[in-house]
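Dear colleague,

Please find below the structure that I am handing over to you. I would be grateful if you could read the notes that follow with the sequence and the model at hand.

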Amino acid sequence: MSEHHVRVKDWFPPGHVRTPFFLRGKTGVIERELGAFENPEQRAYRQKPDMRKLVRVRFTMVEVWGEDAETPTDTLDAEIYEHWLEPVNAT
Amino acid sequence: MPHDHHDHGHEHDHLSPSGHPYQPDQDHPLTKWQAMEIAMRELLVEKGILTREEITQTVEAMDRRSPADGAKVVARAWVDPDYKARLLADGSAAINEMGFHADAMKLVVLENTADVHNVVVCTLCSCYPRNLLGLPPDWYKQRAYRSRVVKTPRAVLSEFGLTLPDTTQVRVHDSTADMRYLILPARPEGTADMDETALAALINRDSMIGVAQASAPE
Amino acid sequence: MGGQPAGDIDFDQHNFALWEKRVDALLVLTSGKGYFTVDGLRRVLEDMGEEAFETMTYYERWVQSVNQNMLEAGAYSLEELSTKMAEVTARGETYGDCAGGGE
C-alpha cells in the first residue's frame, strides 16, 4: 500500500494559524482527506476566505518528539490545511 | 465524572486563576468582565442584532446538551453493526439520523479496541463535540492536559486511572481545524444481555473523549 | 501549547455561571449571524498572550475577545460600550443587581 508522505512547512508567521508549533517541519502520512474548508488564516482577519483542502496527517511520536518519545510507535493525528504541506520524495 | 480518587491540584482548589470563586456568581461583587457581558448583551438587543429570547434559548439549549446525548449514539453503535459502520464512515450523517446535528463542523468517530486506543485533545484552543457532549470539562481546557497528552499520552491517561498495555497502540488526535471527534469506546464484557438504554448508562463522558473506558456493568 | 512542560491535571470542575453561559451564547449567536468567525475569536484570544492565559478565566478571555470582534465588526462603538458599562456598574454591587436592568 502506498502511503502519501507529506512534510509540514517550517513556517513561523506571526498571527493566527491552525498548525501546531510542535508539528512544524515534521513528516507524516495522510490518514484521510476531509474536503475543502474556508481558510481560517483569512477568516481570523475578516478577509474573504479561499477554500483550502484539509487533510488529517498521522505522525509517529518518534518523528514528533525524537528520543524523548514516550512510546515511539504511538501516533499523533492532526488536521492540516494543504498550503501548510509539502510533498516528500520517497527515499 | 467522579475524579475524587485524584488528589492533585489542591493548590488551586476553588478559585479561578484571577482569584474569584466561580460560583455562585449572583451574590459576588460585579467584575469588569461581567459588566462587559451585560453591557454587550444589552447593546446588541437595543440595536436589534439579537433578541433576549434568542439569548435565553441558546443558554437553555446549552443546558440541555450533555454526555447522555453522545452515550445514545455510542449505545446504538454497540447494538447495531450497520449503524456503527455508518457512524465510523460519516459521523455527521450518522448522528443526524438520531436527531443530533454537527452544525458546520464535521464529526469524526474513532473506535477504541484492545489494539488501538484513541484520545482527543485540542492543543490550539478547546474544540470539543459540544453538540453530543455539552460544554467541555475544565481539565480539557487547561494547559496541563493540552500540553502533555500529545507528548506523554500514556502518563496522562494513567492520571485518569487508565493504564494501557504496551500491546495497545495509542493514537492522539489533535482537533486542530474543522473536525470534531467522538470516541466510540469498547463495549465492556458481560453486557451481552443489556438493552440500548441500559448500555447507554455505562457510557461516561470521559470514555467518549478517550481518557477512560466505558464503565463495567454492575 | 502542545509538548510544553506543564503540571498535574486539575480535576476540579466548576459549575458554569449564568454570565459564562451568556458569553458563550453571545459568541454562538453573533458568529452565527456572520459578525465574525470562531477564527476571529481565537485570533484575539491568542493575541492576548501568555499573561492573559495565566491571570484570566476562560470566559473572561472569551468576553474580551467577543467584544473586540464585535467592535471590529462595527456592531457598536467604544463610546457606546463605555457608556453602557458605566450604567451597568452603577446599578448595584453584584452581578444579580446589575444584570437586572436589561431584563
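The notes below set out what was found, beginning with chain A and ending with the cysteines of chain B. Please bear in mind that this is a predicted model.

Chain A

The secondary structure of chain A consists of 2 helices and 5 strands. Read from the N terminus, these elements follow the order β-β-α-β-α-β-β. The C-alpha trace of chain A spans about 40 × 30 × 20 Å along its principal axes. Chain A has 91 residues, of which 46% count as buried. If one takes the contacts in chain A between residues at least 6 apart in sequence, 54% of them join residues at least 24 apart.

One residue of chain A deserves a separate remark for its backbone. Arg46(A) is not a glycine, yet its phi is positive, near 65°. As a general point, most residues other than glycine have a negative phi. Arg46(A) is located in the loop that lies between helix 1 (40-43) and strand 3 (51-60) of chain A. With a relative accessible area of 41%, Arg46(A) is partly exposed.

The sheet and the two chains

Strands from both chains take part in an open sheet of 7 strands, with the order 5(A)-1(A)-2(A)-3(A)-4(A)-3(B)-2(B) and mixed pairing. Its edges are formed by strand 5 (85-87) of chain A and strand 2 (116-121) of chain B, each of which pairs on one side only. On average, and with direction ignored, neighbouring strands of the sheet are turned by 35° against each other.

At the chain A edge, strand 5 of chain A pairs with strand 1 (residues 5-8) of chain A in the antiparallel sense, over 3 bridges. Within this pair, Arg7(A) stands opposite Glu86(A) of strand 5.

At the chain B edge, strand 2 of chain B runs parallel to strand 3 (residues 169-174) of chain B, and 6 bridges join the two. Val119(B) has Val172(B) in strand 3 of chain B as its bridge partner. Is strand 2 of chain B covered on one face or on both faces? Both faces are covered: Val116(B), Asn118(B) and Val120(B) are buried on one side, and His117(B), Val119(B) and Val121(B) are buried on the other.

As for the interface, 24 residues of chain A are in contact with 27 residues of chain B. The two chains bury about 2,200 Å² between them, with 49% of this on carbon and sulfur atoms. Arg18(A), Glu70(A) and Glu79(A) supply 29% of the area that chain A buries against chain B, more than any other three residues.

Chain B: domains and cysteines

Chain B is divided into domain 1 (23-63) and domain 2 (65-209). The centres of these two domains of chain B, taken over C-alpha atoms, are separated by 31 Å.

How many disulfides does a search of the whole structure find? The search finds 0 over all chains. The sulfur of Cys125(B) is the nearest cysteine sulfur to Cys122(B), 3.5 Å away, and Cys122(B) is in no disulfide. Cys125(B) is likewise in no disulfide. A disulfide would require the two sulfur atoms to be within 2.5 Å. Both residues are buried: Cys122(B) has a relative accessible area of 0%, and Cys125(B) has one of 14%.

Yours sincerely

Terms used:
Residues numbered from 1 in each chain as written. Chains lettered and ligands numbered in written order. Predicted model: local features only at pLDDT ≥ 70, side-chain atom pairs only at ≥ 80, totals over all residues. Heavy atoms only, no water. Buried < 20%, exposed > 50% of the residue type's maximum accessible area, 1.4 Å probe, protein only. Pairing = 2+ DSSP bridges. Helix = DSSP H or I, 4+ residues; strand = E, 2+ residues; numbered from the N terminus. Axes fitted to C-alpha atoms, helices over the stretch in contact; angles between N-to-C directions. Domains from an automatic or database assignment. Contact = heavy atoms within 4.5 Å. Buried area = accessible area lost by both parts, 1.4 Å probe.
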